[in-house]
Amino acid sequence: MATKSSTPAPVTAIDGKAPAAAAAATPTVVDAPQSVILGPVMRKKELIDQVVKRSGIKKKDAKPVVETMLSVLGEALADNRELVLPPFGKVKVRREKQLPNGRVMVVKVRQPTPPQAGPSDTMPDAAE
């Protein structure tokens with residue numbers, strides 16, 4: 001009858017040497033996930049104010065349009081639809097979790113990189 005060893009046998013390759021991946025593997029400490037929000041939060045009131053400021057239309061005209069647009073976008077996300085809204089970007093739901101009071105969605109937003117002005121992008125002087 002063979003006795004049970006309390007120490008596991010080392011992992012060896014066919015040639016009798018320890019595999020490089022097993023020898024080099026060391027445990028790493030992973031920090032808790034960090035928030036990605038880098039700036040202040042924009043709320044619906046501020047969004048409406050910015051739309052009024054940039055478009056020049058009256059607030060009473062802009063508010064129902066912005067609220068309806070947000071409702072349509074929310075419904076599209078609820079239907080798991082991908083949103084392609086230039087210049088805002090492309091929005092895709094990656095994961096979701098149902099909770100008693102709502103739904104948590106992890107989304108990917110891909111925005112195009114704005115073109116950078118270089119020496120060839122400048123306008124020539126009229127004197128040339």
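## A tour of the salt bridges

Start by selecting D49 and K45: they sit 4 residues apart in helix α2 (residues 44–55), so about one helical turn separates them. Keep in mind as you click around that this is a predicted model.

Now show the two side chains. What do D49 and K45 form together? They meet in a salt bridge, with 3.3 Å from N to O. That counts because the cut-off for such a pair is 4 Å.

Next, switch on the surface. Is K45 buried or exposed? K45 is exposed, at 56% relative accessibility. Its partner D49 is partly exposed, with a relative accessible area of 29%.

Add K59 to your selection. K45, D49 and K59 are linked in a network of salt bridges.

Time to move along the chain. Select E82 and K90, and you'll find another salt bridge between their side chains, at 3.4 Å from N to O. E82 is partly exposed at 35% relative accessibility, and K90 is partly exposed too, at 39%.

Keep E82 selected and add K92. Here the side chains of E82 and K92 meet in a salt bridge, 3.7 Å from N to O. This pair links distant parts of the chain: E82 lies in the loop between α3 (59–78) and β1 (83–85), while K92 is in strand β2 (residues 89–99), 10 residues apart. On the surface view, K92 comes out as partly exposed, with a relative accessible area of 35%.

Before you close the viewer, how many salt bridges does the count come to? The count comes to 6 salt bridges.

Conventions. Residues numbered from 1 in each chain as written. Predicted model: local features only at pLDDT ≥ 70, side-chain atom pairs only at ≥ 80, totals over all residues. Heavy atoms only, no water. Helix = DSSP H or I, 4+ residues; strand = E, 2+ residues; numbered from the N terminus. Buried < 20%, exposed > 50% of the residue type's maximum accessible area, 1.4 Å probe, protein only.
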